[in-house]
Amino acid sequence: MASGVPAQTVDLDHITQLAKQRAAQPYSAANGRLPPALAALNYDQVRDIRWRPERALWRAEQLPFEAMFFHLGLYQREPVLINEVSPQGTRHIPYRTADFDYGKNKVQPQSWGDLGFAGFRLHHHLNSPAYKDELVVFQGASYFRALGAGQQYGLSARGLAIDTVGGKGEEFPRFTEFWLVRPQPGDTQATVYALMDSPRATGAYRFNIQPGAQTVTTVRARIFVRGGSAGPIKTLGIAPLTSMFLFGENQPRKDDFRPEVHDSDGLMVATGEGEWLWRPLQNPRQVLVTSFATTNPKGFGLMQRDRQWSSYEDVEARYERRPSAWVRPLHHWGPGRVELVQLPTPDETHDNVVAYWVPQQLPAPGTPLEVSYELAWQGDEQQRPPGAWTTQSRKGVGYTQQSAEALRTQVQYVVDFTGPALHDLKADAPVKAVVTSDANGRVLESGVYRNPATGQWRMTLRVERLRKDQPIELRAFLQHLQHAVSETWTHVILPE
């Protein structure tokens with residue numbers, strides 16, 4: 001049954017009251033039991049069940065946004081309740097068999113009752129006035145993802161992450177109920193409210209979705225930590241992003257014709273202290289967790305900087321169209337850290353990268369943690385540092401006369417930078433690379449020069465690894481006349 005919240009009270013305050021009430025009660029898991037005939041369908045059979053587009057919510061009224069819904073089945077077993085909020089009131093949107101095309105499946109859905117839905121998607125005139133493109137999807141736990149103009153789905157966001165690392169196992173909060181606000185003619189943004197629940201937290205969320213060349217999702221959330229027997233939260237991840245990195249120019253693969261395969265190629269962080277950081281992503285052999293401590297961050301994101309088709313050579317996946325996701329806090333977040341978790345993956349079908357903000361202090365049970373931020377889904381035009389930024393990081397050596405011992409213990413990188421702080425510098429300008437290493441590495445040599453072929457500036461560095469079974473963390477930036485002119489390239493050499 002729907003919550004039955006009256007139309008005039010569907011706002012963040014009243015969703016917050018629902019979340020607070022739920023947090024004060026023991027957690028009750030959703031019933032994931034499906035009708036036997038539906039539970040027996042395999043992946044392809046479930047995919048053959050599709051919403052009928054002509055039955056899209058708000059299509060008949062020719063409103064600027066439309067909603068369509070996903071069917072339960074296989075991996076999506078826990079129903080979510082969906083409501084429409086309009087000037088006439090709040091109504092529960094029931095599951096109706098007539099709204100779906102069941103394809104070739106031999107099922108009798110008329111006996112299933114009001115199953116609920118697995119999620120929904122919103123459509124809008126994103127790329128053409130003649131067709132409403134898919135704009136944003138909410139499906140699975142607290143996952144959602146959106147598109148800007150000309151983009152293709154890649155990484156996802158989540159409402160909240162709990163104990164991705166640091167605890168006894170990751171907990172996946174889920175949106176249990178949504179309220180879709182009926183758009184008015186001429187509206188340029190859509191509004192969605194959501195109620196989140198999990199064994200150790202609840203939350204109230206408002207999403208304002210502004211489509212465009214970069215679609216911006218403005219998120220306001222109030223999160224309650226639930227007390228009880230589930231135990232304390234070790235890692236509370238705010239504004240989590242989930243992506244995939246299989247290989248790239250910094251970690252090439254010999255047995256694949258494609259030069260790179262990834263939805264994101266790096267983590268970018270704008271610290272509260274004014275430093276811009278770039279951490280190239282990797283596919284490690286074992287779980288790799290790193291973090292960047294700061295106070296009141298200006299932003300962070302998993303970025304797909306490389307936008308050239310020739311970097312991927314994949315006519316189906318089109319990785320050059322995958323969006324970057326940039327999180328910009330709308331208030332002071334206080335002290336904490338941006339944490340990056342990278343997992344090993346054998347192929348490109350598994351997300352293996354997670355990034356989120358961890359506040360230094362958790363709220364007491366019953367006291368909301370209020371968080372507001374913009375999440376921009378960016379394409380060719382995306383957030384950059386103000387000075388200069390990394391365009392590629394390549395590992396390896398060219399033709400060189402080196403001993404077998406040097407090749408075994410030393411690592412060489414070539415890193416290219418571009419940006420307005422470098423564009424007008426002459427080739428003989430006094431630009432130098434400032435490179436540091438942790439205790440497991442020794443910087444043997446570094447240099448920087450302007451690349452005459454591209455006009456970019458190329459940094460080269462060679463590092464000796466003292467222990468091969470331990471990682472090395474490197475930091476490097478370009479300096480001109482005692483001024484930093486680039487972001488800080490911060491890279492981890494993985495243990496062997």
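Analyst: Two strands pair if DSSP finds at least two bridges between them, and strands themselves are DSSP runs (E, at least two residues; helices are H or I, at least four), numbered from the N terminus. The model here is predicted, so local features need pLDDT of at least 70, side-chain atom pairs count only at pLDDT 80 or more, and totals for chains, interfaces and linings use all residues. Residues are numbered from 1 along each chain as its sequence is written, and side-chain values use heavy atoms, with hydrogens and water left out.

User: OK, what makes strands E3 and E4 a pair?

Analyst: Strand E3 (residues 81–86) and strand E4 (residues 89–92) are joined by four bridges. The rule asks for at least two, so they pair. They run antiparallel, with Val85 opposite Thr90 in E4, and the two strands make a hairpin with two residues between them.

User: How do you know what lines the largest pocket, and which residues are closest to its centre?

Analyst: It's a grid job: on a 1 Å grid over the protein atoms alone, a pocket is an open set of points with protein on both sides within 12 Å along at least five of seven lines, a cavity is a set where a 1.4 Å probe fits but cannot get out, and a lining residue has an atom within 4 Å of a point. The volume is the space filled by probe spheres set on the points, which are joined across faces, edges and corners; for the largest pocket that comes to about 1500 Å³. Its lining has 32 residues, and Tyr43, Arg47, Gln76, Gln139 and Arg145 are the closest to the centre. Helix H3 (43–47) and strand E7 (131–139) are among the elements that each supply at least two lining residues.

User: What about the second largest pocket?

Analyst: That one holds about 650 Å³. It has 23 lining residues, with Gln251, Arg285, Lys395, Leu494 and Pro495 closest to its centre.

User: How many cavities of 30 Å³ or more are there?

Analyst: The count is two. The largest has a volume of about 140 Å³, and 15 residues line it, including Glu249, Asp265 and Trp278. E26 gives the most to that lining, four residues.

User: And how do the residues lining the second largest cavity divide into nonpolar, polar and charged?

Analyst: The classes go like this: Ala, Val, Leu, Ile, Met, Phe, Trp, Tyr, Cys and Pro are nonpolar, Asp, Glu, Lys and Arg are charged, and the others, Gly among them, are polar. The second largest cavity, about 30 Å³, is lined by Trp58, Phe65, Leu122, Leu180, Val181, Ala190, Thr191 and Val192. Thr191 is not on the nonpolar or charged list, so it counts as polar. The split is seven nonpolar, one polar and no charged. The lining of the largest cavity, by contrast, has three nonpolar, seven polar and five charged residues.

User: Why is Ile238 placed in the largest nonpolar core?

Analyst: A core is a set of buried Ala, Val, Leu, Ile, Met, Phe, Trp, Tyr and Cys residues joined through side-chain atoms within 4.5 Å, where buried means under 20% relative accessible area with a 1.4 Å probe and protein chains only (exposed is over 50%, partly exposed in between). Ile238 is one of the 83 members, and among those that touch the most other members. Leaving out residues up to four places away in sequence, Ile238 touches Leu160, Phe300, Trp333 and Val371, among others, contact meaning heavy atoms within 4.5 Å. Another core, of 29 residues, lies apart, with Ala270 and Val411 among its members.
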